[in-house]
Amino acid sequence: MATSDFSASQEEMIAERIPLGARDACVKLLIPLNKCRVESMYLPWKCEEERHAYEKCEYHLFLRRMKKMQELRQRDTQLQPATN
């Protein structure tokens, strides 16, 4: 899943009123999800496919961040000198 496939322009995000906290690599999936939610009056059984795709993307971003954090922690522990 390439990040460039899911990125939206600043103009798109402003026009769709995407909050700053939600402007990540999955924003391209959030825009149609929000449109579907408004059109269906936020009925919980509507927009399931859009919601699933967006949540799956967010989950993969989370996993990527956790993997990067683990790599950084391992690197830091290897760089620290052993103290006795």
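Ser40 is a buried residue in this predicted model. Its relative accessible area is 13%, and because buried means under 20% relative accessible area, Ser40 falls within that class. The residue lies in the loop that runs between α3 (27-39) and α4 (48-79). When residues up to four places away in sequence are set aside, Ser40 touches Lys46 and Cys47.

From this loop the reader may turn to the interior of the model. The largest nonpolar core comprises 15 residues, and Ile18 and Leu30 have the most contacts inside it. Helices α3 and α4 each contribute at least two residues to this core. The largest share comes from α3, which supplies five residues. Leu30 touches Ile18, Ala22 and Tyr54, again leaving out residues up to four places away in sequence. Ile18 thus appears twice in this account: it is one of the two residues with the most contacts inside the core, and it is also among the residues that Leu30 touches.

The surface offers another feature to consider. Here Tyr59, Phe62, Leu63 and Met66 form a nonpolar patch. Together these residues have about 380 Å² of accessible area. One member of the patch, Leu63, is found in helix α4. Leu63 has a relative accessibility of 36%. Because partly exposed residues lie between the limits of 20% and 50%, Leu63 counts as partly exposed, whereas Ser40 is buried.

How values were computed: Residues numbered from 1 in each chain as written. Predicted model: local features only at pLDDT ≥ 70, side-chain atom pairs only at ≥ 80, totals over all residues. Heavy atoms only, no water. Helix = DSSP H or I, 4+ residues; strand = E, 2+ residues; numbered from the N terminus. Buried < 20%, exposed > 50% of the residue type's maximum accessible area, 1.4 Å probe, protein only. Contact = heavy atoms within 4.5 Å. Patch = residues over 30% accessible without salt bridge, like charges linked within 9 Å, V, L, I, M, F, W, Y side chains within 5 Å. Areas by Shrake-Rupley, 256 points an atom, 1.4 Å probe, with all protein chains shown as cover. Salt bridge = Lys/Arg side-chain N within 4 Å of Asp/Glu carboxyl O. Core = buried A, V, L, I, M, F, W, Y, C linked by side-chain atoms within 4.5 Å.
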